[in-house]
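User: Could you walk me through the cysteines in this one? I'd like the reasoning behind each label.

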Amino acid sequence: VYNDKAPPPTRVARVFPGSNWDYSIHIPNIQPKDAGTYYCVKYKAGSPETEYKSGKGTEVSVIATPSPPSITGPPSRVDSGALATFNCTSDGFFPREITVTWFKDGRTIPAPQTFILPPRESTSYQVVSTVELSLTEKDVKLELTCQIQHKTLSGPLRQSFKLGDALRVTPKMSVEPGHLLEAIVNQLVTITCRVTGFYPNNTFLSWEKKDRNGRMTALRPPQAMTQDEDGIFSAKSSLVVNTTEQKNYDVFTCNAMRNSKISDYKNVMLK
């Protein structure tokens with residue numbers, strides 16, 4: 001790290017420059033990579049120089065605090081009832097001993113896989129902890145928290161993940177009064193379409209009509225969106241139809257649109 005016959009390194013300097021008896025060195029802004037055993041070695045002149053005498057070495061350990069924990073979830077949303085994997089990482093700490101604790105909605109959960117890397121002796125370590133959870137629609141508003149504790153910290157470090165960001169709940173679709181609507185001519189009838197229990201809020205309803213000649217017409221009745229106390233969404237749209245003779249055997253289709261694609265639909269024939 002220092003040689004008095006070579007250009008001085010950028011991070012190491014002599015405490016007493018020019019001294020012939022005190023070769024103490026100073027390392028500012030010490031880092032974990034600076035840990036190790038330092039030897040002061042005296043060489044005998046010659047070609048080449050040979051080691052004449054050295055000290056017993058001074059072992060330097062650098063105490064380093066871990067980085068704030070970081071949580072990563074599954075690469076894409078998982079369906080309700082499926083398993084989701086979450087990883088918590090923190091690095092740059094020394095010594096090796098560290099404690100990782102997971103919480104779901106404030107309650108401790110087990111972390112079956114926790115690894116401290118590298119497994120061998122090192123001057124700096126990384127911890128990786130993994131949990132698997134079966135997510136349900138009740139988890140939309142809940143948080144998963146990773147907490148780390150280390151001797152260099154005055155208090156634990158925490159990071160939280162919103163479980164709703166990893167969850168997908170598929171809607172259920174229904175239409176009233178059913179797939180066949182029998183009505184008296186020149187009456188107003190109402191067809192109601194519902195999608196219930198979905199998350200995230202990426203589903204809406206659209207209508208279209210197919211007459212007896214096969215012509216398609218887009219319809220745009222209003223729709224209402226609601227969200228329950230668990231964060232789950234529902235949508236409802238009602239279509240009012242005047243049952244004229246010309247509309248006999250018309251088919252009205254309600255489409256559930258998710259991410260601009262039809263995910264489900266229901267047909268109602270007017271007779």
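Analyst: Here is a short round on the disulfides and the cysteines. This is a predicted model, where local features need pLDDT of at least 70, side-chain atom pairs count only at pLDDT 80 or more, and totals for chains, interfaces and linings use all residues. Residues are numbered from 1 along each chain as its sequence is written, and side-chain values use heavy atoms, with hydrogens and water left out.

User: Why is the C88 and C146 pair called a disulfide?

Analyst: The label needs a pair of cysteine sulfur atoms within 2.5 Å. For C88 and C146 the S to S distance is 2.0 Å, so the pair qualifies.

User: What makes the disulfide of C88 and C146 left-handed?

Analyst: The torsion about its S-S bond is about -80 degrees, so left-handed it is.

User: Which strands hold C88 and C146?

Analyst: C88 lies in strand β9 (residues 83–93) and C146 in strand β14 (residues 143–149), so the disulfide ties together parts 58 residues apart in sequence. Strands here are DSSP runs of E, at least two residues, numbered from the N terminus.

User: What about C193 and C254?

Analyst: Their S to S distance is 2.1 Å, and they are joined by a disulfide. The torsion is about -85 degrees, so this disulfide is left-handed. C193 sits in strand β19 and C254 in strand β24, 61 residues apart. Both C193 and C254 are buried, meaning under 20% relative accessible area.

User: How do you know whether C40 is buried or exposed?

Analyst: Exposed means over 50% (1.4 Å probe, protein chains only), with partly exposed in between. C40 has a relative accessible area of 53%, so it counts as exposed.

Definitions and conventions: Helices (H or I, at least four residues) and strands (E, at least two) are DSSP runs, numbered from the N terminus.
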